[in-house]
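The following exercises concern the reading of backbone geometry, helix faces and nonpolar cores. Please study the sequence and the model before attempting them.

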Amino acid sequence: MDELDSAIVRHLQRDARQTNRDLARTLGIAPSTCLERIRALRARGVITGYHAAVDPAALNRHVQALIHFQIRPLSRAVIEAFKTYAAGLPEVSTVYVVTGGDDMIVHVSAPSVDHLHGFLMDKFTARREVVGFRTSVIYQHTDKQVLEPLTP
């Protein structure tokens with residue numbers, strides 16, 4: 001990615017709803033050049049989509065937590081099956097497969113701590129592949145809105 005591609009990505013991360021013409025004007029390039037660059041960024045998989053930022057509390061998701069899982073037996077089939085199961089639950093926003101003492105971390109949200117507790121008990125304690133889990137309730141978090149490319 002060159003400087004122009006980086007600038008396009010940076011501006012689209014801040015506001016993906018701006019028009020091509022407005023973005024081109026901001027960057028000091030022709031609209032046709034801007035559109036061509038955006039299409040190339042999508043074709044290369046740099047831009048993978050456009051999303052609306054939503055307040056979880058507005059969706060009755062007042063409590064967020066990270067659940068750290070230990071899974072056994074450790075095999076590709078077991079990990080993939082559990083990942084698919086977890087990702088299909090409405091309370092789950094993200095599933096991570098990780099290294100270290102835990103095998104997976106699942107980001108969840110719920111209306112209340114009581115709902116979170118029930119969700120954990122009902123959805124995970126009876127799973128044979130789950131040998132243990134612990135939960136960390138998230139008090140605060142900050143999302144970085146704009147990711148900059150890193151130099152190799």
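Four exercises on this predicted model follow, each with a worked solution.

**Exercise 1. Helix 2**

Determine which residues of helix 2 are buried and which are exposed, and state what the buried ones pack against.

*Solution.*
Step 1. Helix 2 spans residues 20-27, and its buried residues are L23, A24 and L27.
Step 2. These residues lie on the same side of helix 2, because they cover an arc of only 100 degrees around the axis.
Step 3. Such grouping can be read against helix geometry: an α-helix has 3.6 residues a turn, so residues three or four places apart point the same way.
Step 4. The other side of helix 2 carries the exposed residues R21, R25 and T26.
Step 5. The packing partners of the buried residues are helix 1 (3-14) and helix 3.
Step 6. Just after helix 2 comes G28, with a positive phi of about 75 degrees.

**Exercise 2. Backbone geometry**

Examine the phi of N60 and the peptide bond from R72 to P73, and locate each site.

*Solution.*
Step 1. The reference is that most residues other than glycine have a negative phi, and most peptide bonds are trans.
Step 2. N60 is not a glycine, yet its phi is positive, at about 60 degrees.
Step 3. N60 sits in the loop between helix 3 (31-43) and strand 1, and with a relative accessible area of 43% it is partly exposed.
Step 4. Between R72 and P73 the peptide bond is cis, with omega near -10 degrees.
Step 5. P73 belongs to the loop that lies between strand 1 (63-71) and helix 4 (76-87).

**Exercise 3. Nonpolar cores**

Describe the largest nonpolar core, and identify which element supplies its largest share.

*Solution.*
Step 1. The largest nonpolar core holds 20 residues, and F69, I71, F82, V108, L116, F119 and F124 have the most contacts inside it.
Step 2. At least two residues of this core come from each of strand 1, helix 4, strand 3 (104-110) and helix 5 (113-123).
Step 3. Strand 1 supplies the largest share, with 5 residues.
Step 4. Another core of 12 residues lies apart from this one; L4, A7, I8 and C34 are among its members.
Step 5. For I71, leaving aside neighbours within four places in sequence, the contacts are V78, I79, F82, D103, M104, E129, V130 and V131.

**Exercise 4. The annotated span**

Relate the UniProt domain feature to the secondary structure of residues 1-62.

*Solution.*
Step 1. The unreviewed UniProt entry places "domain: HTH asnC-type" at residues 1-62.
Step 2. In the model, this span is 53% helix and 0% strand.
Step 3. Its end C-alpha atoms lie 39 Å apart.

Technical notes
Residues numbered from 1 in each chain as written. Predicted model: local features only at pLDDT ≥ 70, side-chain atom pairs only at ≥ 80, totals over all residues. Heavy atoms only, no water. Helix = DSSP H or I, 4+ residues; strand = E, 2+ residues; numbered from the N terminus. Buried < 20%, exposed > 50% of the residue type's maximum accessible area, 1.4 Å probe, protein only. Arc of directions from axis to C-beta. Contact = heavy atoms within 4.5 Å. Core = buried A, V, L, I, M, F, W, Y, C linked by side-chain atoms within 4.5 Å. UniProt positions renumbered as here; feature names shortened; annotations may be inferred.
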